[in-house]
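Visitor: Please give me a close look at a single part of this model, and then set that part in its wider surroundings.

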Amino acid sequence: MRPLPCRPLVAPVLPVLLCALVALGVPGAAAADGPDGPDGSGGTAGSAGSAGSEGHSGPSASVEVARLYVEAQSATARYEAGRRAAGVQRARVKHLERLLAKERYEVSVLHEDLGRMATAQYRTGGGLPLTARLLLADNPDELLRGRRVVGQADLAVTNTVARTQRAAARLATAQRSATRARDVLDRREARLARLKRDIEAKLESARWTLQGEADASAAAGRCRGAVRLTQPESSSTRAWVTPVETYELSAGFDSAGARWAARHTGQDFAVGIGAPVRSVGAGRVVRVACGGGFGVEVVVRHEDGSYTQYAHLASVAVDQGERVRTGQWVGQAGTTGNSTGPHLHFETRVTPDLGSGVDPVGWLAERGVGL
């Protein structure tokens, strides 16, 4: 299952979302990390393993959301391609309409010219037989020369009218063909739009089913265990990537707000529930936890000794101790824990614990990744 290159996302992302890690007025570390200790876990990888056996009837909501996410991306890409093709065809039809109008105007002008020439000939004796006009003329040679000139002009205008009429006929045929093609593309665009809306509606429903499962796990402080998602194939050789592919940046590192007892400790990425969250670099999972202010979270130790945290997830796709590669999905975005809406809270740290964070924007920039 390979996601298509990202264009616009499949559903409107919520506006700027804040990551509420701690309640106002509660001491930073204790409140931010939840009731079960300074690591903010509320649940551990050990409990995740046992909870993983808690099955659900039918396919996992995580798997369904991941599948629909890819389908929605594909449907959006097809819809956008169809919309562009229909737009090109509509522009062609308008161009042909302008050309046809011009040709028809020229035909009418030429017809008027012929009419004026015929009237002029009649007024100057053009209605008389040529023999009579020669007998009556003061200068027969001049009359003959004038007659040849008028005849040549008449023939030229007649030929021009014929050519213009043929051109207008060809343009009219091309216009009808282009209009039929436009109508076909318009109908296809409408079908793709309906398909896109249907998939997005299913995805929206599945997202909130997934979030409901995640909220129950976070409330119980027991992770449901890793849900193995079909990982995207990638030919990228980059050592570092962004934690999500398509996003809007919201609350930044060290920003202040009424929702935090201390400064904001990470960088928020506004994405929809179920959006794939990937490890920014190769490393090993050192924490999978549920409950507390961070909700469902994953912490990865990278090969350079640094750590990254992915919080407020709706599901996890890895287990503690597992090695991960750059870009591998480690979970799906959600809004568990102290969160005001769907987003990814991303931290870069010098230790695995809260309080050792550094600015993720600068940290990623040092590794060649711009946000």
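**The lining of the largest cavity**

Guide: Strand β6 supplies the largest share of the lining of the largest cavity, namely 3 residues, where strands are DSSP runs of E of at least two residues and helices are runs of H or I of at least four, both numbered from the N terminus. The model is a predicted one, in which local features need pLDDT of at least 70 and side-chain atom pairs count only at pLDDT 80 or more, while totals for chains, interfaces and linings use all residues. Residues are numbered from 1 along each chain as its sequence is written, and side-chain values use heavy atoms, with hydrogens and water left out.

Two elements, helix α5 (140–220) and strand β6 (307–316), each bring at least two residues to this lining. Read in sequence order, the residues around the largest cavity are A214, S217, C223, R224, G225, V227, C290, V296, A314, S315 and V316, each having an atom within 4 Å of a grid point of the cavity. By class, that lining is made up of 7 nonpolar, 3 polar and 1 charged residues, with Gly counted among the polar ones. The space that they line has a volume of about 80 Å³, taken as the space filled by probe spheres set on the grid points. A search of the whole structure returns 3 cavities of 30 Å³ or more, a cavity being a set of points on a 1 Å grid where a 1.4 Å probe fits but cannot get out.

To widen the view, the protein has 6 helices and 10 strands, and 43% of its 371 residues count as buried.

A closer stop can be made at S339, in the loop that runs between β8 (329–333) and β9 (344–349). S339 counts as buried because its relative accessible area is 18%, and buried means under 20%, exposed over 50% and partly exposed in between. The side chain of S339 makes a polar contact of 2.7 Å with the side chain of T335 and another, of 3.4 Å, with that of H343; such a contact is a donor and acceptor pair of N or O atoms within 3.5 Å. The side chain of S339 also reaches a backbone atom, the oxygen of G341, at 2.9 Å. Although their positions lie 28 residues apart along the chain, the C-alpha atoms of S339 and A311 are separated by 9.7 Å.

Turning back to helix α5, which takes part in the lining of the largest cavity, one finds A162 placed there. A162 is partly exposed, since its relative accessible area comes to 27%, and its C-alpha lies 9.9 Å from that of L110, a residue 52 positions away in sequence.

A further example comes from helix α3 (residues 61–126), which holds E71. With a relative accessible area of 31%, E71 is therefore partly exposed as well. Its partner for comparison is E200: the two residues are 129 apart in sequence, yet from C-alpha to C-alpha they are 9.0 Å apart in space.

Technical notes: On a 1 Å grid over the protein atoms alone, a cavity is a set of points where a 1.4 Å probe fits but cannot get out, and a pocket is an open set with protein on both sides within 12 Å along at least five of seven lines; lining residues have an atom within 4 Å of a point. Buried means under 20% relative accessible area, exposed over 50%, partly exposed in between (1.4 Å probe, protein chains only).
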